[in-house]
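This briefing goes through the structure shown below. It starts with one chain as a whole and then turns to a sheet in another chain.

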Protein chains: 2
Amino acid sequence: MTATAEQFTVRHRETLDRALQAIRERAFWTPYPEMPKAYGEQAAADGKAAYDGYLGGPFPLTQPGTDELVGAEKSPYGLDLGVTYPHPDLDVLLPAMQAAMPQWRDAGPDARATVLIEALARLNARTNEIAHAVHHTSGQAFGMAFQAGGPHAQDRGLEAVAYAYAAQTAQVAAAEWEKPQGPKPALKMAKKFTAVPRGIGLVIGCNTFPTWNSYPGLFASLATGNAVVVKPHPNAILPLAITVAVLRDTLAEAGFDPNLVALAVEKPGEGLAKVLATRPEVRVIDYTGSTEFGQWLERNAPQAVVYTEKAGINTVIVDSVADDYKGMLGNLAFSFSLYSGQMCTTPQNIFVPRDGITVAGEHKSFDDFASDLAGAVEKLLGDDARANALLGAVCNAGVSERLKQAESVGKTVLASRTVANPEYPDAQVRTPLIAAIDAADTAVYTGEWFGPISFLIAADSTDAAIETFRKTVSEHGAITASVYSTDDDVIAKTEDAALDAGVNLSVNLTGGVYVNQSAAFSDFHATGANPAANSALSDLAYVANRFRVVQSRRHI
Amino acid sequence: MTATAEQFTVRHRETLDRALQAIRERAFWTPYPEMPKAYGEQAAADGKAAYDGYLGGPFPLTQPGTDELVGAEKSPYGLDLGVTYPHPDLDVLLPAMQAAMPQWRDAGPDARATVLIEALARLNARTNEIAHAVHHTSGQAFGMAFQAGGPHAQDRGLEAVAYAYAAQTAQVAAAEWEKPQGPKPALKMAKKFTAVPRGIGLVIGCNTFPTWNSYPGLFASLATGNAVVVKPHPNAILPLAITVAVLRDTLAEAGFDPNLVALAVEKPGEGLAKVLATRPEVRVIDYTGSTEFGQWLERNAPQAVVYTEKAGINTVIVDSVADDYKGMLGNLAFSFSLYSGQMCTTPQNIFVPRDGITVAGEHKSFDDFASDLAGAVEKLLGDDARANALLGAVCNAGVSERLKQAESVGKTVLASRTVANPEYPDAQVRTPLIAAIDAADTAVYTGEWFGPISFLIAADSTDAAIETFRKTVSEHGAITASVYSTDDDVIAKTEDAALDAGVNLSVNLTGGVYVNQSAAFSDFHATGANPAANSALSDLAYVANRFRVVQSRRHI
């Protein structure tokens, strides 16, 4: 190991140990502050300048096998980024990546983990720069892009590093085995156990959370000794290009081959993800996106271990509310609105008994609840500046088209309005649409309506709502679920249904924790137990099959 | 939990803790003695009587949905067992198994592990009975059937239970999360984490090691909360029927639904494994057998997590030997002979430099080494009684056919002979065939010749042998590999090639440890890193994806 790598190992050992404790104990912890002021007075201006410096030119990244420069990102806020990136000749790039692996493998789990934590620390220091890149590719409002694209993504990266380390060190690196043989001398063997990588990992990025959804797979595969090729969404390249550049620099400084990480940007219509996913060198795949392509990957890349997060129908069951009705309405309104509902965790199906609910002991009709919920959203987004800061911009035309289509579904309880954005007049900023439908309208609500679209679904009863929840989520998947009830029996029944359907449940959220947000080191994101995802971020199953253990034994 | 289940938990807690220590430390440990005398004076007679009691009648097993009795096992020692078993109506059996799961899930990892350890203790007490069943279905000699079919299989079952417990308890069952909010009150949440099963596990047994190769998947799936349907090889049903019966009894006594485990025996030509593997209820599959069917399962059961052990080309590299040449020859001869080479771990490809090797500093030609090795096998098997005790019987006609075919391959260094078995005159007992070929004859040695067939392959040099080893095992797979050299540099190069090819390596075996045997709690069986298997027995990756974690959170 080089002196620099050793320095990183000493510097970050404590963070690694603390992260290992966190993934076991699952209490609150993060090493990466989410408040901008924690980054110092100069950070905002420096980050903006760094971001601006990328615009309109080739991104500074030199990789083997670059055959041309490509890229045509257009910000949801209306600007062309004009940045170009290396397009790879895979027959040159992939062998160079393979050649980088043996040294990385031989360095062992401790060196890999701490070099990667150094890279995360550097990414953390560049949070403002990354925030601008995420803001202008995903359409997330800047405040959200800062947190979700910066520290929260870095948390998920570190969490994956910790799990990878824990899995690789689940057994000793060397052992002596001594088997008694009765009166004869014991048999004695010395054994070594080495974690070996599978091969090249492929991370396929998404448009909406280019860093948050990519960091777990990226860091998990690297920490387990694999090289990783990152194929970003064509409209969200810059955040991952910065990430790849930081990783390559950190690896090189530590004495490793920077080709352990590479960016692979596609030409328009090239379908590079499919090409990469079926290359024999690619042995691990991480993907976030459509159910259709996720299933294609699960079935057409048998040479690789495939981790997918796909679409789902996130569900809320409303039965009864104690005294904080306002808190409950505000909590739901926020979850509908954040990033215009363009989150895989945004609630879509809100089951409400058609005969109404109980609020602080009083009956409230379905229609009154619908009206109160609509009012809470209107109040939350009444001020345009605040609305812009919460909603961000619509990231693609599909969302606007679905909003149009939803106008004719059921009875519109709250129409979506377009919010003016004085800074970026071309941005499409849309408030949530809420439509009331019936539990019989299964064709409507058993598919995902990605975007700010939610359905209030009239159910025969709370019990009927729970059964429909169990069935629809088992069959169609969900990343999140929540229930509101003052009745312990209803909560227990919903928890039981959530275990059967395999979905994480939030109970009676009224305060500053939202069903569409998960906290790294404590909340698992997705479960891998329903069709919305075949894995969770992060857990042992997410890392344990990215490497294999190979042993060598000899007589002593 | 019932009083009986609590009793099991108290009784076996120490064994579980000791097993958890063993899988981390990987030193020698086993709770199940491998010496027959440890089982008491009466055990042999009782076991034989119990085995005899099964012959010629219906096996005592009552399961839901039994539509007829089937079974036509014929012992490789020439007897018809005449035992019949339940054939299932899957539309009745599988729903009954599903209905059994929620209670098992809710019992939690501790109860599941200790109830299963109780079942293993009962299986251990019936080792003699199981040994006869394994002997008369696999053809293993009785002594081997006793050890491999009894305590060694039980070890692998307990190892899987320990890994499953470790993975499920990698995080706390409940946590409090408290996030500071500056001057405002902290956000506080209470969280629960529950391991939930995937669904029904399917274990597809093999002919040669009905218990040893089935117990890891069977116990791993059960310990993680799944129900398991066991589909035995049509000629090796009885050992697994006894196992299923013991498990069902233990579960019922502990207050659980015995339908958590069921036997599914097929009618001739029914192809029940394919039918079961594609049922939507089946979510985990464990398989040992042919590459062809293993790959079929990996590609045609996308609803399930699939663990396979398939064919491989186990390799030995001979470069040089120090003073214990006799020990080396004897060690190899034993590995070729044990159970007539009908092990997935038997060495097949023995690379030897065509210019010869160095023995105790003296040159020895390729032909002299071949002759010495042939002599060692002849010496080992010269006495018919000893030969019968080592070789066992050929388990199917395919092995005899391959022996015939191998007679015309290369130059026969040692011909296979048929050993008379006075007790069972119909048994096919065959000694190993060794043929000398050239490294250019790749078509011969890049496929598996299952049975007592080994090739001495003349290589251009030790380095060339190492390169061919790296390439052929990477491409065609292997479960085992070994190297003989007095040169540290050769050993290091071979270890490096073994890491690249992803195969476990034994170095300079001369004593009572054989390349075709692995010790539970210390040696990993297979690696999952080459085409011979996609998993290892057992490790974290083998258990971590058999369950998923589902959480529930609420404000405090």
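**Overall build and one sheet**

Chain A has 18 helices and 20 strands. The model is predicted. The points below cover the overall form of chain A first, then a sheet in chain B and a helix that lies across part of it.

**Chain A as a whole**

- For 556 residues, a compact globule would have a radius of gyration near 24 Å, and the 25 Å of chain A agrees with that.
- The C-alpha trace of chain A spans about 80 × 70 × 45 Å along its principal axes.
- Of the 556 residues in chain A, 62% are buried.
- Counting contacts in chain A between residues at least 6 apart in sequence, 75% join residues at least 24 apart.

**A sheet in chain B**

- Five strands of chain B form an open sheet in the order E7-E6-E5-E8-E9, and their pairing is parallel.
- Its edge strands are E7 (261-263) and E9 (305-309) of chain B, each of which pairs on one side only.
- On average, neighbouring strands of this sheet are turned by 15° against each other, direction ignored.
- Strands of a sheet pair through backbone hydrogen bonds, in either a parallel or an antiparallel way.
- In chain B, strand E5 (residues 200-204) and strand E8 (residues 282-288) pair in the parallel sense over five bridges.
- B:Leu202 stands opposite B:Ile285, which belongs to E8(B).

**A helix across the sheet**

- Helix H10 of chain B covers residues 291-300 and lies across E8 and E9 of chain B.
- The helix H10 of chain B runs at about 165° to E9(B).

Note on methods: Residues numbered from 1 in each chain as written. Chains lettered and ligands numbered in written order. Predicted model: local features only at pLDDT ≥ 70, side-chain atom pairs only at ≥ 80, totals over all residues. Helix = DSSP H or I, 4+ residues; strand = E, 2+ residues; numbered from the N terminus. Rg over C-alpha atoms; globule rule 2.2 N^0.38 Å. Buried ≥ 20, exposed ≤ 12 C-beta atoms within 10 Å, placed from the backbone. Contact = placed C-beta atoms within 7 Å. Pairing = 2+ DSSP bridges. Axes fitted to C-alpha atoms, helices over the stretch in contact; angles between N-to-C directions.
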